[in-house]
Amino acid sequence: LLETVNSLRARGVGFRSLTEQMDTTTPQGEFLFHVFGALAQFERSLIQERVQAGLAAARRRGRRGGRPVAIDAEKLAAVIAALDAGATKASVCRTFGIPRSTLVDSLARIGWSPVLNRQEGGTSGSSTDIDRGTDRTAVRPAD
């Protein structure tokens, strides 16, 4: 805001606020404008500090921010077992009542893919992999 008003003043344009009765073309108005700007910046810093303190306190209490996980680890393990057994994604979605996009996102998050499933002999996505959040990359077949 200060930069905007200073650039306006450099071009010979004055700033007058009708609600605060402030006119930057006078020394008193310019002083008042700078005081209001400093107070606003101070309040903004206090708000940021309070928000960070609140988030830290919530983390200490065991709270986690963000969107809740759509499929918990137990359900995801059952989904992966069904996929490993040969079920299609569509049938798994119907059986477990989850949207296909949620299934695809959850499988991508843990690194499950049908290619890995075939190469590892059906061991992908075990509950220990899900709990640990291990990342695996898909191996592409040779051309």
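Reader: Which residues form the positive surface patch?

Author: In this predicted model, the positive patch on the surface is made up of Arg-59, Arg-60, Arg-61 and Arg-63. The word "positive" is used because Lys and Arg count as positive, and each of the residues named in the patch is an Arg.

Reader: Why is Arg-63 called exposed, and where is Arg-63 found?

Author: Arg-63 has a relative accessible area of 58%, and since exposed means over 50%, the residue is therefore given that label. Its place in the chain is the loop between α2, which covers residues 27–60, and α3, which covers residues 73–84.

Reader: What makes Arg-9 and Glu-30 a salt bridge?

Author: The closest N and O atoms of Arg-9 and Glu-30 are 2.4 Å apart, and because a salt bridge asks for a side-chain nitrogen of Lys or Arg within 4 Å of a carboxyl oxygen of Asp or Glu, the pair qualifies. Arg-9 lies in helix α1 (residues 2–10) and Glu-30 in helix α2, so the salt bridge ties together parts that are 21 residues apart in sequence. In general, side chains of opposite charge can pair when their charged atoms come close.

Reader: Why do Arg-9 and Glu-30 count as partly exposed?

Author: The relative accessible area is 38% for Arg-9 and 26% for Glu-30; partly exposed is the class between the buried limit of 20% and the exposed limit of 50%, so both values place their residues there.

Reader: How many salt bridges does a search of the whole structure find, and how do you know that Glu-43 and Arg-50 form one?

Author: The search finds 3 salt bridges. For Glu-43 and Arg-50 the closest N and O atoms are 3.8 Å apart, and because the cut-off is within 4 Å, this pair is accepted as well. Glu-43 is partly exposed, with a relative accessible area of 36%, whereas Arg-50, at 52%, counts as exposed.

Reader: What are the relative accessibilities of Arg-16 and Asp-23, and why is each residue called buried or exposed?

Author: Arg-16 has a relative accessible area of 58%, and because exposed means over 50%, Arg-16 is called exposed. Asp-23 has 17% relative accessibility, and because buried means under 20%, Asp-23 is called buried. These residues also form a salt bridge, with their closest N and O atoms 3.3 Å apart.

Reader: Which residues form the nonpolar patch on the surface, and why can Leu-55 belong to a patch?

Author: Ile-47, Val-51 and Leu-55 form the patch, with about 250 Å² of accessible area together. Leu-55, found in helix α2, has 42% relative accessibility and counts as partly exposed; because patches are made of residues with over 30% relative accessible area, Leu-55 meets that requirement.

Reader: Which residues does Ala-82 touch, not counting residues up to four places away in sequence, and why is Ala-82 called partly exposed?

Author: Ala-82, in helix α3, touches Ala-87, Val-92 and Phe-96 when those sequence neighbours are set aside. The C-alpha atoms of Ala-82 and Val-92, 10 residues apart along the chain, are separated by 7.1 Å. Its relative accessible area is 21%, and because buried means under 20%, Ala-82 is called partly exposed instead.

Reader: How many helices and strands does the protein have, and what percentage of its residues count as buried?

Author: The secondary structure comes to 7 helices and 2 strands, following the pattern α-β-β-α-α-α-α-α-α along the sequence. Of the 143 residues, 23% count as buried.

Technical notes
Residues are numbered from 1 along each chain as its sequence is written. This is a predicted model: local features need pLDDT of at least 70, side-chain atom pairs count only at pLDDT 80 or more; totals for chains, interfaces and linings use all residues. Side-chain values use heavy atoms; hydrogens and water are left out. Patches are made of residues with over 30% relative accessible area and no salt bridge: like charges are joined within 9 Å, nonpolar side chains (Val, Leu, Ile, Met, Phe, Trp, Tyr) within 5 Å. Accessible areas come from the Shrake-Rupley method with a 1.4 Å probe; for residues, only the protein chains shown count as cover. The place of a charge is taken as NZ of Lys, CZ of Arg, CG of Asp or CD of Glu. Helices (H or I, at least four residues) and strands (E, at least two) are DSSP runs, numbered from the N terminus. Buried means under 20% relative accessible area, exposed over 50%, partly exposed in between (1.4 Å probe, protein chains only). Contact means heavy atoms within 4.5 Å.
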